[in-house]
Amino acid sequence: MKLHDFNQIIDRHNTGSVKWDFLGRYLQLDQTDLLPMWISDFDFQCPEEVLQALRTRVGHGIFGYSERDDHYYQAAIDWFSRRHQLTLYRDWFTSIEGVVPGLALLIQMLSKPGEGVIVQGPYYGSFAKIITMNDRVVVENPLLESPAGYKIDYGHLEQMLEQHRPPLLLLCNPHNPTGRCWDRDELTRLLILCKQYSTTVISDEIWADLVLPGKTFTSVLHLGSEWHSNVIVATSASKAFGLSSLRISNFLIPDPELRRAFNDRLNAHGLDVFNALSMTAATAAYQHGDLWLDGLQNYLAENRRWFEQTIMHTVPWCRMTKAEGTYLAWLDCRALGLDDDALQFALLQKAKIAVSMGRSFGEKGKGFIRVNLGCPRQYLEKVISGLTQLTP
């Protein structure tokens, strides 16, 4: 098998790419000379086996109503078994076009308008959007900064659980934007608290396959059946294999009553037909993507190592957060002494890069930026060159 060349530069302009073609619209910018390092998709072609499976399916030429077949389920079950030593069952699977839409439906299903939903800041901005736009309240349990990476503030979490009695907590594992992978003890402690206060944990595990070599991903489903009535897990092949626009995700729901209610919710919205190409791509990725993903993980790890070392030597005012997973760099820029507006202006005008501003991740993100490391090294060299233009 030919190894993939992750250094290859592929022009993504004029492909309808949000990241490259719609940067101005989404970030409300007029500039066109910016390097887009903001949105969390990567700039690599997906595995050749996925491309070939899609070519074969397109060649068939008929795209009538489609459903998940045995291969789809078995590919995912086998993947989680061999990659994560996690036993899944076919009847746990519910599917929807994307993790965020599924989270929104679960918020509608498991909470009432005016009730709180706990998130752990700095949090993925779409969490706050789907909570507030569904007339629920964001209840923040800020993570604690430490030299070893972010940690959960369990004392504050219990205060929020007792004060607000929220029906839901949205967990991100591995965590976007900080890159933390929560371990078994951390997850157990969190689940004990949530069960004590009858709070259901919805664990967004879309980054599960993108951990650094030598690190371990632990799902809430690894912790055993005693928690099954209290957890729902969101997964997808999209992050690991670059399939974000081929919209399909799986929500793993061990509890039969919760699963039945969620399927009813999907049917009520007419979400009971699936995209043939999405299923083809996900199936092929899970069946044949191991070697490609191993190569990607090694490339991303080297990107992270190189980026962190280079920042330490050339941009000493910038501190990179320790991480175990994702291809995101969470950078502390507070030493510049700039507010977020001034920081963004400097990044756009002097550094010539478009990043995700930390304030979009809530109060705890102010003074930080998120940079996408899922790209050929040449792009990261440009980021470093841009950051060196900024001084405290």
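Strand β5 (residues 168-172) is a good place to begin: β5 runs parallel to β3, and 2 bridges join the two strands. Within this pairing, V117 stands opposite L168 in β5. Keep in mind as you explore that you are looking at a predicted model.

**Around strand β3**

On its other pairing, β3 meets strand β4 (residues 137-140), again in the parallel sense, over 4 bridges. Here G116 stands opposite V137 in β4. To travel from β3 to β4, the chain passes through helix α6 (residues 125-132), making a right-handed β-α-β crossover. If the idea of pairing is new to you, strands of a sheet pair through backbone hydrogen bonds, either parallel or antiparallel.

Are the faces of strand β3 (residues 116-119) covered or not? Both are covered: G116 and I118 are buried on one side, while V117 and V119 are buried on the other.

**A second sheet, with antiparallel pairing**

Further along the chain, an open sheet of 4 strands follows the order β9-β10-β13-β12, and its pairing is antiparallel. Its edge strands, β9 (319-320) and β12 (356-357), each pair on one side only. One of these edges, β12, is joined by 2 bridges to strand β13 (residues 368-372), running antiparallel to it. In that pair, M357 stands opposite I369 in β13.

**Two domains and their cores**

The protein chain is divided into domain 1 (18-47 + 289-388) and domain 2 (62-288). Their C-alpha centres lie 25 Å apart, and the contact between them takes 35 residues from domain 1 and 42 residues from domain 2.

In soluble globular proteins, nonpolar side chains tend to be buried together. The largest nonpolar core in this model has 94 residues, and those with the most contacts inside it include L88, L170 and F241. This core draws at least three residues from each of domain 1 and domain 2. Apart from it lies another core, of 31 residues, among them W306, I311, I369 and L373.

Which residues does F241 touch, once its neighbours within four places in sequence are left aside? Its contacts are F42, C46, P47, W79, A285, Y286, G289, W292 and L293.

**Cysteines without partners**

A disulfide is a covalent bond between the sulfur atoms of two cysteines. How many disulfides does the count give here? The count comes to 0. Why does C181 not bond with its closest cysteine? The closest cysteine sulfur, in C172, is 10 Å from the sulfur of C181, which is too far for a bond. C375 is in no disulfide either, and its nearest cysteine sulfur, that of C318, is 15 Å away.

**Buried or partly exposed?**

The table gathers the relative accessible area of three residues. A residue counts as buried when this value is under 20%.

| Residue | Relative accessible area | Class |
|---|---|---|
| C181 | 7% | buried |
| C375 | 1% | buried |
| Q8 | 39% | partly exposed |

C181 and C375 are buried because their values, 7% and 1%, fall under the 20% cut-off. Q8 is partly exposed because its value of 39% lies between 20% and 50%.

Where along the chain is Q8 found? Q8 belongs to the segment before α1 (18-21). The C-alpha atoms of Q8 and F63 are separated by 33 Å, and these two residues are 55 residues apart along the chain.

Notes
Residues are numbered from 1 along each chain as its sequence is written. This is a predicted model: local features need pLDDT of at least 70, side-chain atom pairs count only at pLDDT 80 or more; totals for chains, interfaces and linings use all residues. Side-chain values use heavy atoms; hydrogens and water are left out. A nonpolar core is a set of buried Ala, Val, Leu, Ile, Met, Phe, Trp, Tyr and Cys residues joined through side-chain atoms within 4.5 Å. Buried means under 20% relative accessible area, exposed over 50%, partly exposed in between (1.4 Å probe, protein chains only). Domain bounds come from an automatic or database domain assignment. Contact means heavy atoms within 4.5 Å. Two strands pair if DSSP finds at least two bridges between them. A crossover is right-handed if, with the strands pointing away from the viewer, the path from the first strand over the helix to the second runs clockwise. A disulfide is a pair of cysteine sulfur atoms within 2.5 Å.
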